[in-house]
Amino acid sequence: MEFKKNFRLGVASASTQIEGGRVNSNWNWFSDQNKIKDHSDVARANNHYELYDQDLRLMAQMGIKDYRFSIEWARIQPCENNFDSDALIHYRDMILEMKELNIHPILTFYHFSHPMWFEEKGAWTKKENIIYFLRFVSQCLDVFGDLVDEYITINEPNVYAVNGHLFGVWPPAKNSLTETIQVMSVLALAHIKAYELIHTIRKKRGYTNTTVSFAHHVRDFTAKTGCPLDKASAKIFQSLFQDKLTKAMFIGKFEFPLINYGKVKQGQYIDFIAINYYTRTAVKNFSEGFMDDCFKNDLGWEIFPQGLIAVATDLYTVLNLPIYITENGTCDNNDSFRNRYLYDHLKVITESNLPIERYYHWCFIDNFEWVEGESARFGLVHNDYKTQKRSIKQSGHFYSKIIKEKGISEETYDSFVKHQHYHK
Ligand code: BGC
């Protein structure tokens, strides 16, 4: 397999999942309520806030040159009227170190976590609260906006809205469809406002190469049976979970049930298509599940590489822009099929005619997997949470090798992939 010219392979992470430490955020609050399945504490995670130097060096040593990461709002703005200059400088230093190591950053402003003072104001249920997010974005740009050209405003607005406000399995643990739609609408507007703000600020400062998007979590929805009702409900699920948001956030077209709170005009509100893809969802009797007899990862999610091209094609029809896969990866606690997973997803990308320019593997080091805690391992590098010792997994060695080789040779396939099999 030979990757396309200029195709880049990187890794992705999120501050809350790796940093550790006690900050006054919605996820620290949730974790303190003993809501994490394995009773682990988000305050432990990878202790990356202290160990970032070691982790970035390991990344560089593995030949990884592209990194998508996020910053912790609750750390930077612990109270509404106080920005913490130490935290801001910390992130500036961290980005400077990436640059020194020749690691190219994409910065995510919001990856599921925010300060509790923002939660207490109603967080994303109210359009009036967007201003707080914009102040945070603007403050960050003042301190390290000169170092980063590429930004993700918000990670997976649909996952945040649905898990937190519909299913109630994430903070703020609510169960309201009306609120879920409100939150999706507010997040869509927050993205558009942040998109405009980042461009305005950077332009004023003379930078002409800014690109901005949001990371869209998209699934390949399918009917589990040939029954017309299942087919229709799969379409409805897809539309409500992702397609409506695609239109609102890509081109400012807010369709029912989303609400155009900001009277946004139609236009273009992303500069590249950012896709987080993990699995396919099979719909039957108005509920979500997986196809029978399919290959699954250790969390029971179907492994379905072709779905990546299906979702990318859908998004590309809305806007013809370069595509970055900003997340793709799998929970494989024993690292026994991750190479095959990587191989199969890179194969469909390489064979496709779509302009897929980058691939960020989720994730670099095993980390705090939200409500699953420390029990679900997605990393190319193993973490021993007690000692915080990192060790490169064989999938990490595989990834290093294919970055270097700009493809996957027969020899590499034979030694890393051939013997690996998925389970059902
Ligand atoms: C999220 C990550 C998460 C990953 C695996 C994505 O939905 O952006 O934070 O760890 O999926 O579940």
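Visitor: How much space lies in the second largest pocket?
Guide: About 400 Å³. Keep in mind that this is a predicted model.

Visitor: Which residues are closest to its centre?
Guide: Of the 17 residues that line the second largest pocket, F7, R8, L9, I403 and K406 are the closest to the centre.

Visitor: And which elements supply at least two residues of that lining?
Guide: Two names to look for: β1 (8–12) and α13 (394–405). The one that gives the most is α13, with 4 residues.

Visitor: What does the lining look like by class?
Guide: The second largest pocket has 8 charged residues in its lining, along with 5 nonpolar and 4 polar ones.

Visitor: Let's stay with α13. How far does α13 reach from its first C-alpha to its last?
Guide: It has 12 residues and reaches 16 Å, close to the 16 Å expected at 1.5 Å a residue. Just after α13 comes K406, with a positive phi of about 55°. K406 is also one of the residues closest to the centre of the second largest pocket.

Visitor: Which residues of α13 are buried?
Guide: S395, G396, F398, Y399, S400, I402 and I403 are buried.

Visitor: What do those buried residues pack against?
Guide: Quite a list: β1, α12 (338–351), β11 (356–362), β13 (389–392) and α14 (410–416). So β1 turns up here as a packing partner of α13, and β1 supplies lining residues to the second largest pocket too.

Visitor: Switching topic: how many residues are in the largest nonpolar core?
Guide: There are 122. Those with the most contacts inside that core are I71, F109, W124, F133, F144, I275 and Y399. The largest share of this core comes from α9, with 13 residues.

Visitor: What is F144 in contact with, leaving aside its neighbours within four places in sequence?
Guide: F144 touches I71, L88, Y91, R92, I95, L107 and Y151. Apart from the largest core lies another one, of 15 residues, including I152, A274, W362 and C363.

Visitor: OK, back to pockets. What volume does the largest pocket have?
Guide: About 1200 Å³. Of the 40 residues lining the largest pocket, V162, N163, F167, R219 and F241 are the closest to its centre.

Visitor: Which elements give two or more residues to that lining?
Guide: Those are α8 (157–166), α9 (177–204), α10 (228–251) and β9 (287–289). You've met α9 already, as the element with the largest share of the 122-residue core.

Visitor: And how do the lining residues of the largest pocket divide?
Guide: They split into 23 nonpolar, 9 polar and 8 charged.

Technical notes
Residues are numbered from 1 along each chain as its sequence is written. This is a predicted model: local features need pLDDT of at least 70, side-chain atom pairs count only at pLDDT 80 or more; totals for chains, interfaces and linings use all residues. Side-chain values use heavy atoms; hydrogens and water are left out. On a 1 Å grid over the protein atoms alone, a cavity is a set of points where a 1.4 Å probe fits but cannot get out, and a pocket is an open set with protein on both sides within 12 Å along at least five of seven lines; lining residues have an atom within 4 Å of a point. Grid points are joined across faces, edges and corners, and a volume is the space filled by probe spheres set on the points. Ala, Val, Leu, Ile, Met, Phe, Trp, Tyr, Cys and Pro count as nonpolar, Asp, Glu, Lys and Arg as charged, and the others, Gly among them, as polar. The expected span of a helix is 1.5 Å times one less than its number of residues. Buried means under 20% relative accessible area, exposed over 50%, partly exposed in between (1.4 Å probe, protein chains only). Contact means heavy atoms within 4.5 Å. A nonpolar core is a set of buried Ala, Val, Leu, Ile, Met, Phe, Trp, Tyr and Cys residues joined through side-chain atoms within 4.5 Å.
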